[in-house]
Amino acid sequence: MDTKPIPAINQEHQVDRLLVEKALDLLEASRVPRDEPVPLKDGLELTETMPESGMEASQVLEQMASGVLETSAQLHHPGFMAHMDPPTPSVAWTAALWQAALNQNLLHPDVAPKARLLSERVVTWIAPFFGMGGGHFVPGSTISNLTALWAARELKGVKKVAASKMAHLSVRKAADILGLEYQAMETDRQHRWTPDADSDWNDTAVFLTAGTVATGAIDALNPMPKAPWIHIDAAWAGPMRFSHQHASRLAGIETADSVGFSAHKWMYQPKGAALILFKEAESAHQAMSYGGGYLSAPNIGLIGSAPASALPLAATLLHWGREGLAEHIDSDMAKAERLKNLVDEHPDFELWGPSQTGIVVWKHKTIPASEVRSRLKQAWVSLTDIEGDMWLRSVAANPGADPEFVFQKVLEATKPC
Ligand SMILES: Cc1ncc(COP(=O)(O)O)c(C=O)c1O
């Protein structure tokens, strides 16, 4: 019999407080203070091939810090109003640390006994704000859109999907995967599609967007046309439903058959957290429910093994409550309004159109947006292509953003050097 002792590789799976402290120290050190410029650094230095032997864990963190932490976008910085990617509150990412350490799998009740319950409870908290009966977590709104159209095909036999030409590319992907014919519909000048109430939508899922990726436009949600299935892609703007002040901008959403939105956008969550909600959740879930020999509970939807992404969101909602979340949305909306006014009041700049969902699209009247963006050297504004014309796009997803700072920096980038 082999009596050799088993090497202590399992030590790696204990809670290593010193390592966690080291990770926190490095994280903290990489944060650029509010009033300092964000340094531009080169990328990650890694060998071409997998290392043959390993190195000490704290050394690994030190080596990776320069490539990962110090070159990362400073999403919390006052200048950052560029993308739909918020900084995450500490309560969310510390809960995500638990999630990563526990590695529960929602697929198996015995591996995630209470995490499944927690996910269901968070859905129960959220669904009523959208007039929906239930739903489930998915990793992003690409999957929400695919799941919604899958349900529409299974339950209502839809053969086509009609969406505005400004809809996110994920709807085309979903149509291709599901074998649905895709119809791109014209919008008005403000990028809003109003589905024709008199058209025959008999075999067509009507796909509406609440907050387009280019300009944040909201399709006409009220009244809805008569169609076998109506899905609302509220990936970005969905969380406005939690705001007393702004919920009514999405009035009509509650009459849809399904709604999807990304919690990792305007609910300030780490990536991988989105929801697909259904009016009739039970029948939708039944239509996409699979059981296998090794599963003790049916697997609902597209995703197999799944992390408990509801955990950081539950922690955030317990910490902020609905009021705290609404306060964040309202504050972001006020920042977008402030930036819009600064642009509007300056004779050298112009606005593309209205700012409905915390997104401001603007440009200098003579210097091309791409030139301004490259002179800025910082990812403080993004670019959006509108019918072949480039504009600057500012997204208010950063509670620490300072619209005056952003405007000033862009203004400086338009001056001769
Ligand atoms: C309107 C809209 N729909 C869908 C998506 C896709 O979401 P995700 O990147 O979470 O898959 C996005 C992403 O920006 C979006 O803005």
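## Exercises on a seven-stranded sheet

In this predicted model, Ser262 has Ala274 as its bridge partner in β7. The exercises below start from this pair of strands and widen to the whole sheet.

### Exercise 1. The pairing of β6 and β7

Determine in which sense strands β6 and β7 run, parallel or antiparallel, and how many bridges join them.

*Solution.* Begin with the residue ranges: β6 covers residues 258-262 and β7 covers residues 274-278. Next, take the individual pairs. Ser262 is matched with Ala274, and Gly260 lies opposite Ile276. The two strands are antiparallel, with five bridges between them.

### Exercise 2. The order of the strands

Establish the order of the strands in the open sheet, and identify which strands stand at its edges.

*Solution.* The sheet has seven strands, arranged as β1-β7-β6-β5-β4-β2-β3, and its pairing is mixed. The edge positions belong to β1 (134-138) and β3 (181-185); each has a single partner strand, so one side of each has no neighbour in the sheet. On average, neighbouring strands are turned by 20° against each other, direction ignored.

Two helices can then be placed on this sheet. Helix α4 (residues 113-126) packs on it and touches β1, β6 and β7, its direction making about 120° with that of β1. Helix α6 (residues 170-178) also packs on the sheet, in this case touching β2 (160-164), β3 and β4 (204-209); its direction makes about 155° with that of β3.

### Exercise 3. The surroundings of β5 and β6

Explain why β5 is described as largely enclosed, and state how β5 pairs with β4 and with β6.

*Solution.* First, consider burial, for which the relative accessible area must be under 20%. In β5 (residues 229-233), five of the five residues are buried, so the strand is largely enclosed by the rest of the structure.

Second, consider the directions of the side chains. In a regular strand they alternate between the two faces of the sheet. From β5, Trp229, His231 and Asp233 point one way, while Ile230 and Ile232 point the other way, and all are buried.

Third, consider the neighbours. β4 and β5 pair in the parallel sense through five bridges, with Val206 having Ile230 as its bridge partner. The pairing of β5 with β6 is likewise parallel, over three bridges; here Asp233 is matched with Gly260.

Finally, apply the reasoning on burial to β6. Five of its five residues are buried, so β6 too is largely enclosed by the rest of the structure. Ser258, Gly260 and Ser262 cover one side and Val259 and Phe261 the other, all of them buried.

### Exercise 4. Two residues in helices

Decide whether Ser144 is buried or exposed, and do the corresponding analysis for Val20.

*Solution.* Ser144 is found in helix α5 (residues 141-156). Its relative accessible area is 0%, so Ser144 is buried. Beyond its neighbours within four places in sequence, Ser144 is in contact with Val138, His231, Gly260, Phe261, Ala274, Leu275 and Ile276.

Val20 belongs to helix α1 (residues 17-30). With a relative accessible area of 34%, Val20 is partly exposed. Together with Leu24 and Leu97, Val20 forms a nonpolar patch on the surface, whose accessible area is about 230 Å².

How values were computed:
Residues are numbered from 1 along each chain as its sequence is written. This is a predicted model: local features need pLDDT of at least 70, side-chain atom pairs count only at pLDDT 80 or more; totals for chains, interfaces and linings use all residues. Side-chain values use heavy atoms; hydrogens and water are left out. Patches are made of residues with over 30% relative accessible area and no salt bridge: like charges are joined within 9 Å, nonpolar side chains (Val, Leu, Ile, Met, Phe, Trp, Tyr) within 5 Å. Accessible areas come from the Shrake-Rupley method with a 1.4 Å probe; for residues, only the protein chains shown count as cover. A salt bridge is a side-chain nitrogen of Lys or Arg within 4 Å of a carboxyl oxygen of Asp or Glu. Helices (H or I, at least four residues) and strands (E, at least two) are DSSP runs, numbered from the N terminus. Buried means under 20% relative accessible area, exposed over 50%, partly exposed in between (1.4 Å probe, protein chains only). Two strands pair if DSSP finds at least two bridges between them. Axes are lines fitted to C-alpha atoms, for helices over the stretch in contact, and angles run from 0 to 180 degrees between N-to-C directions. Contact means heavy atoms within 4.5 Å.
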